[in-house]
Amino acid sequence: MVSQSPDSSSLAEVLDRILDKGIVVDVWARVSLVGIEILAIEARVVVASVDTFLHYAEEITKIEIAAKEEKPAIAA
C-alpha cells in the first residue's frame, strides 16, 4: 500500500512555484597563477517567468554599469 503525505507536491506545483518565484544561479570564477589569468568562467542560469527574468536582467545591468563607472582609468 502506497500512501502519500498531505504536504507532498506534484511536479506541476513545483514547476508553478519555480516559474512564479524563479531560480537564479550566477557563477563567476577566475583562476590565476602568479598574477596571470589562466581561466575565467562566467555562467548565468535563470529559470523563471519572463517577468522575473526581466527584473533580474535589469538589476544585473545596473550592477555592471556601476562596476564599469567605478573602475579607475589607468594613465599611460
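**Exercise 1. Place valine 45 in this predicted model: which strand holds valine 45, and is it buried, partly exposed or exposed?**

Solution. Start with the address: valine 45 sits in strand 2. Next, take its relative accessibility, which is 44%. Buried needs under 20% and exposed needs over 50%. Valine 45 therefore counts as partly exposed.

**Exercise 2. Find out which residues make the nonpolar surface patch, and which strand gives the most to it.**

Solution. First, list the members: Leu19, Ile23, Val25, Val27, Val45 and Val47 build a patch of about 440 Å². Now sort them by element: strand 1 (23–33) and strand 2 (36–47) are the elements that give two or more residues. Strand 1 comes out on top, giving three residues.

**Exercise 3. Work out how many residues of helix 1 are buried, and what comes just after the helix.**

Solution. Helix 1 covers residues 11–21, eleven in total. Count the buried ones and you get zero, so the helix lies largely in the open. Then step past its end: glycine 22 shows up with a positive phi of about 90°.

**Exercise 4. Sketch the whole chain: what pattern does it follow along the sequence, and what share of its residues is buried?**

Solution. Begin with the parts, two helices and two strands. Walking along the sequence, you read α-β-β-α. Then look at burial: of the 76 residues, 3% are buried. The accessible surface adds up to about 7100 Å², with 61% belonging to carbon and sulfur atoms. Last, check the contacts with a separation of 6 or more: 34% of them are between residues 24 or more positions apart.

Terms used
Residues numbered from 1 in each chain as written. Predicted model: local features only at pLDDT ≥ 70, side-chain atom pairs only at ≥ 80, totals over all residues. Heavy atoms only, no water. Buried < 20%, exposed > 50% of the residue type's maximum accessible area, 1.4 Å probe, protein only. Helix = DSSP H or I, 4+ residues; strand = E, 2+ residues; numbered from the N terminus. Contact = heavy atoms within 4.5 Å. Areas by Shrake-Rupley, 256 points an atom, 1.4 Å probe, with all protein chains shown as cover. Patch = residues over 30% accessible without salt bridge, like charges linked within 9 Å, V, L, I, M, F, W, Y side chains within 5 Å. Salt bridge = Lys/Arg side-chain N within 4 Å of Asp/Glu carboxyl O.
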